[in-house]
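Biologist: I would like a close look at a single part of this protein, and then at how that part sits in the rest. Please take it slowly and explain each step.

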Amino acid sequence: MTPTGPSPVVIRASVLPRPVLAGYALGSLVTGAFGTVPGLLLLPYLTDTLGVAAGVSGLLVLLPKAWDVLVNPLAGRISDRTGSRRPFLLVAGLLLSVLFAAIFAAPFAGVAASATYVAVAFLAAATAYAFFQVPYVAMPAELTDGYGERTRLMTWRVAVLALAILISGALAPLIVETTGGGRIGHRWAGLFVAALIAVGTVGTFFGTRRAESRTAREAEPSLVAQLRVASGNAPFRALLLCWIVQAAGIGTMLAGVQYFADHVLRQETGGTFLFAAFVGPALLVMPLWTAIGKRWGKLRSLIAASLLFAAGALLLLSAEVLPAVPVYLIVALVGAGYAGQQVFAMAMLPDCIAFDTARTGRRQAGVFTGLWTAGETLGLALGPGIYALMLQVFGYVSSATGEAAVQDGTARLGVLLGFTVLPALLVGAGVVLLRGYQERINP
């Protein structure tokens, strides 16, 4: 029997006021910056500034975020029991701001000491992020019961998310270059992103202060029992597995942006332009994806967006023989697919939570969002690890000078394949995993 997913029909759903939509969306400044910049800068920072070998660098990026697989479900359970999620946003968000700046502070000179310091600082930041992200992602299911209203809320959120990713992802590498590069440049970039996180934290805390909330007062008595309930939600299982694999594909591509710019496009500011081309179109195509979602439904729209992402990534195999402008246009195509993936995956998650509430009679959004964010974090962490492994296998040479070392043809091939074929395969595999999710459209 094919598992049946959430119903898209909710009667008399409340309409969220614009201040609440905007206030909630500002939290994407936090999630966008922390979800993007480490995956974009941290691996090349370790290999090309601190001189850490590619394979070791991949582990240093992977392990602290993999830690969140354990922390996120715990954060979800704690926020479920507390009754209000907003205090978590303020405390964890401000702490994350400080810790993010610390990641790129690089107070030690030696390679081993610097690598250890980055790993510890990143681990602490990832823990703080878990206690922001889990309550934040849990809130949509409690702000509205409307199937369509959740899509509207996610559209606002993803629009700000795209803007946050564009600002942090495009400007952080530019700040590194314009402030001297190397350790000094990365310190300035860390401070810039830390300030962005602080603004998003304060904005979403005060912006949602007047929002009506349906926060749960009843939950399963133990974490094991809550995990059992989540595992019994077939649509959630399918969506989560899909998103973990697709996040790994997205993370792989993000990790390769700077390497692709340096060794395939051979442009000093290519990373900034690539990232702008990737994220910029997302702001333009958001209304189009919303219209497509209304016509096709969220599931089919997510599949279409994923296939667009994968097709664009494969087209980039021709980047070495193409002029820069067509390459950026193809990257924009990939970015359009990425925008759709974000909109529909995040809009389907509250539907899965509401489906479970109808099935069990209990609101326990923190459990599902804890598992969701843990899976997403794991996928995004696996991406740089996978890319670093590809670099290691193909013989990439690290550097402690702040400038990328000259690579041979084999290493450049690893850079290209890791940026194109691997993301396409992972995102495509995620589509296959969606077979367990089926929307039930009521008459």
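Modeller: In this predicted model, helix H11 is followed by arginine 266, whose phi is positive, near 55°. H11 itself is the part to look at. It runs over residues 234–265, 32 residues in all. From its first C-alpha to its last it reaches 44 Å, close to the 46 Å expected at 1.5 Å a residue. H11 also has a bend of about 45°, at tyrosine 259.

How much of H11 is covered? Of its 32 residues, 27 are buried, so the helix is mostly covered. An α-helix has 3.6 residues a turn, so residues three or four places apart point the same way.

Phenylalanine 260 shows what lies around this region. Setting aside neighbours within four places in sequence, phenylalanine 260 is in contact with Leu265, Leu274, Ala319, Val327, Val415, Leu416 and Phe419. Phe260 also belongs to the largest nonpolar core, which has 125 residues. Along with Leu42, Ile103, Phe278 and Trp372, Phe260 is among the members that touch the most others. In soluble globular proteins, nonpolar side chains tend to be buried together.

Cysteine 242 has 1% relative accessibility, so it counts as buried, the cut-off being under 20%. Cysteine 352 is buried too, because its relative accessible area is 0%. A disulfide is a covalent bond between the sulfur atoms of two cysteines. A search of the whole structure finds zero disulfides.

Now the setting. The protein has 17 helices and zero strands. It has 443 residues, of which 60% count as buried. Its exposed surface is about 16500 Å², and carbon and sulfur atoms supply 69% of that. Among contacts between residues at least 6 apart in sequence, 85% join residues at least 24 apart. One pair that is far apart along the chain is valine 393 and glycine 55: they are separated by 338 residues, while their C-alpha atoms are 8.7 Å apart.

Valine 393 is found in helix H15, residues 365–393. Is valine 393 buried or exposed? Its relative accessibility is 62%, and the limit for exposed is over 50%, so it counts as exposed.

Histidine 186, in helix H9 (residues 182–207), is a contrasting case: its relative accessible area is 6%, so it is buried. Apart from neighbours within four places in sequence, histidine 186 is in contact with Tyr45, Thr49, Phe104 and Val176.

Arginine 266 was introduced by its positive phi. Alanine 106 likewise has a positive phi, near 45°, in a residue other than glycine. Alanine 106 lies in the loop between helix H5 (86–103) and helix H6 (111–138). Being in a loop does not leave alanine 106 open: at 4% relative accessibility it counts as buried.

Finally, helix H17 can be given the length check already used on H11. H17 covers residues 421–433, and its 13 residues should span 18 Å at 1.5 Å a residue. The C-alpha atoms at its ends are 19 Å apart, which agrees. The buried residues of H17 are Pro423, Ala424, Leu426, Val427, Gly430 and Val431.

Key
Residues are numbered from 1 along each chain as its sequence is written. This is a predicted model: local features need pLDDT of at least 70, side-chain atom pairs count only at pLDDT 80 or more; totals for chains, interfaces and linings use all residues. Side-chain values use heavy atoms; hydrogens and water are left out. Helices (H or I, at least four residues) and strands (E, at least two) are DSSP runs, numbered from the N terminus. The expected span of a helix is 1.5 Å times one less than its number of residues. The bend at a residue is the angle between axes fitted to the seven residues ending there and the seven starting there. Buried means under 20% relative accessible area, exposed over 50%, partly exposed in between (1.4 Å probe, protein chains only). A nonpolar core is a set of buried Ala, Val, Leu, Ile, Met, Phe, Trp, Tyr and Cys residues joined through side-chain atoms within 4.5 Å. Contact means heavy atoms within 4.5 Å. Accessible areas come from the Shrake-Rupley method with a 1.4 Å probe; for residues, only the protein chains shown count as cover. A disulfide is a pair of cysteine sulfur atoms within 2.5 Å.
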